[in-house]
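Biologist: Please take me through one part of this model closely. I would like the second largest pocket first, and then the local folds in the chains that form it.

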Amino acid sequence: MRYQRVVNEKELLESLAEPGATILCGGTDVMIKMRAGMMQPSALIDVSQLDSMQGIRLDESTLIIGAATTESDIHKSPLVREHVPLLSTVLAKLGSVQIRNRGSLGGNLVNASPAADGAIPLLLFDTEIELVSAKGIRWIKLEDFFTGPGRTVLAHGEFVRSLRLAIPNAGYGSFYHKVGRRNALTIAIASLGMLLWIEEHVIREIRMAVGSVAPTARRLRAIENQLTGRLLNDATLDAARQLITDAISPISDVRASASYRKNVIGDLLVRALGASLH
Amino acid sequence: MRIQCVINGQPVERDIDADMRLLDFIRETLHLTGTKEGCGEGECGACTVLMNGKAVHSCLVLAMQAANANIITVEGLSDGHALHPIQQAYVETGAVQCGFCTPGFIMATYALLQDTPDPSEEEILAGLEGNLCRCTGYAKILDAVKLAAERLRASE
Ligand SMILES: Cc1cc2nc3c(=O)[nH]c(=O)nc-3n(C[C@H](O)[C@H](O)[C@H](O)COP(=O)(O)OP(=O)(O)OC[C@H]3O[C@@H](n4cnc5c(N)ncnc54)[C@H](O)[C@@H]3O)c2cc1C
Ligand code: FES
Ligand code: FES
C-alpha cells in the first residue's frame, strides 16, 4: 500500500484517478475497516491537512464547514455555538475526545453509517455538500447523498470539500437524543433530532431526523408536513407517535430488535414534543 | 517511506512501511513501550498519546500521518528524576492497579489539564471517556485527576 499526503486539490484529483485509491482523513473509520479486512486500498490519500478542507466560516445566512475540520474544532467553534448550537451539542456525544480530535464530518458522512451522529443535526440544518471532481463542482442536498448503508452518491475520483448549513430562523426549540447501551462510544440503537417552532401552541414549523432506524440517517418530511399547523396537545402527541412508528422500517440486529427500536423512536418523539408542551 | 517527526522533544527520522500504525512505530521502531495496545480499535484508550498537543488513539493513526508532528508519549512526561505530578497523583491515590490502562489515562489527563486546568467532575469524566479501566472502578482515577490538577495549579 502507498501513502500520500496531498498538499493541494490538483494533486488530490490526480491521485484519486488511481483505481484502488481511497481518501484518508482522521482514519477513525478507515483504520478499523482495514484492520477488519473490509477495505484494501492500494493507496491512501491523506486529506487531513489540506487547507481547502479546513475551517468554519459564515457566508450570509449559511455556515460553511470544511470537510476535514475535526469534530473537536467544530464542537468548540464559537460560530457553530452561536448559529447552529445543536451541532456542537451532538458532536460532544460522538465517540470520545480522542476520536473527535481526529474524526471529521466529511468522513462521518462518506462512511454513511445509518447510525452516523453527525448526519442528524446536518439534516436538520438543510445541509448541502460540495462535491468536487475533475469534471467540476456539484452541490448535493445531504438528504439525497446517502443511498444505503455505507453507500452514497459520491463517484470514484470525487471528494467532499465542504458542507453548507442553512442557519435557521430564530425562535426554535431543539432536541437530540440517542439511545445506546453506554454513553461514550455508543453506536446508537435509535436517535432522533428535532427543531420546533411553536407560536400560540401551534406547530409553525417542525423538522425531524432519525438515525439507526432506517438504511440511512434521514429526514421525516411526510410527518413534518402532517404535524405542521396542528395544535400541540396530547392528541397530537399520540398521532405523532403513530405516524413515526408507521413511517420507519428498522432492522433487528445484535444491538436491538425492530420492535424495540420502533418503541424507542416513538418515545423519543413524544419526549421531544412533550418538552415544548409541558 | 521516510518519516521525520519529534518524539518527546527529540527529532527522529526512520524508514517505515506505509501501513504501519503510529502505535507500532512508537513501540516497535522506537522501543518506547510505555504506550500500550489494548483493543486496537479506538475503544480502550491504552494507546493514547499527544499529537500536536491533542490526545489521539495511536492505534487509529498511521505513522506516516504523524510525519512532521510533535508526539508526546508517557515517557516524555517525567524529567528522568522525579515523576510528573500527574504520575505522582495516580500513584498516591491508588489509581494504579494492574497498570495496563495507566499510561493512556495519564496522557488523557495531561491533555485534559492542559486545556482545562480546573476541571469539574463532569469535565473530568468527559475528558477520560475514551479510556477504559477494568480494575479500579474509576473513583480513584477521579481522585488522581483532581489531586494532579490541584498540584499543577499550585505550582504555576
Ligand atoms: C471507538 C470509535 C467510536 C466512534 N463513535 C462514533 C459515534 O459515537 N458516532 C458516530 O457517528 N461515529 C462514531 N465513530 C465513527 C467515526 O469516528 C466517525 O464516522 C468519523 O466522523 C469519521 O471521520 P474520519 O475523518 O476519521 O474518517 P476516515 O476514517 O478518514 O474516512 C471515512 C470514510 O470517508 C471517506 N472520506 C473522508 N473524508 C472524505 C472527503 N473529504 N471526501 C470524500 N471521502 C472522504 C474515506 O475514504 C472513508 O471511506 C466511532 C469510531 C470509533 C473507532
Ligand atoms: S489500543 Fe488503541 S484504543 Fe485500545
Ligand atoms: S489498572 Fe488495570 S485496567 Fe486500569
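Modeller: This is a predicted model. Start with the pocket. The second largest pocket has a volume of about 970 Å³. Its lining counts 34 residues. Those nearest the centre are A:Val97, A:Arg100, B:Ala126, B:Gly127 and B:Glu129.

Now the elements behind that lining. In chain A, α3 (71–76) and α6 (97–102) each supply at least two residues. In chain B, β4 (54–57), α3 (102–115), α4 (121–127) and α5 (139–154) each do so too. The largest share, six residues, comes from α4(B). By character, the lining of this pocket divides into 16 nonpolar, nine polar and nine charged residues.

Next, chain A and its sheet. Three strands make an open sheet in the order β1-β3-β2, with parallel pairing. The edge strands are β1 (2–5) and β2 (21–24) of chain A, each paired on one side only. On average, neighbouring strands of the sheet are turned by 25° against each other, direction ignored. Helix α1 (residues 9–16) of chain A packs on this sheet. This helix touches β1, β2 and β3 of chain A, and its direction makes about 140° with that of β2(A). Look at one strand pair within the sheet. Four bridges join β1(A) to β3 (residues 43–46) of chain A, running parallel. Here A:Tyr3 has A:Leu44 in β3(A) as its bridge partner.

Stay in chain A for a loop residue. A:Gly118 sits in the loop between α7 (105–111) and α8 (119–124) of chain A. Is this glycine buried or exposed? A:Gly118 has a relative accessible area of 0%, so it counts as buried; the cut-off for buried is under 20%. Leaving aside residues up to four places away in sequence, A:Gly118 touches A:Leu94, A:Leu105 and A:Asn108. Take A:Leu94 from that list. A:Gly118 and A:Leu94 are 24 residues apart in sequence, and their C-alpha atoms are 7.9 Å apart in space.

Finally, a hairpin in chain B. Strands β1 (residues 2–7) and β2 (residues 10–15) of chain B run antiparallel and are joined by six bridges. B:Ile7 stands opposite B:Gln10 in β2(B). Two residues lie between the strands of this hairpin. B:Asn8, in the hairpin, takes a positive phi near 50°.

Methods:
Residues are numbered from 1 along each chain as its sequence is written. Chains are lettered from A and ligands numbered from 1 in the order in which they are written. This is a predicted model: local features need pLDDT of at least 70, side-chain atom pairs count only at pLDDT 80 or more; totals for chains, interfaces and linings use all residues. Side-chain values use heavy atoms; hydrogens and water are left out. Two strands pair if DSSP finds at least two bridges between them. Axes are lines fitted to C-alpha atoms, for helices over the stretch in contact, and angles run from 0 to 180 degrees between N-to-C directions. Contact means heavy atoms within 4.5 Å. Buried means under 20% relative accessible area, exposed over 50%, partly exposed in between (1.4 Å probe, protein chains only). On a 1 Å grid over the protein atoms alone, a cavity is a set of points where a 1.4 Å probe fits but cannot get out, and a pocket is an open set with protein on both sides within 12 Å along at least five of seven lines; lining residues have an atom within 4 Å of a point. Grid points are joined across faces, edges and corners, and a volume is the space filled by probe spheres set on the points. Ala, Val, Leu, Ile, Met, Phe, Trp, Tyr, Cys and Pro count as nonpolar, Asp, Glu, Lys and Arg as charged, and the others, Gly among them, as polar.
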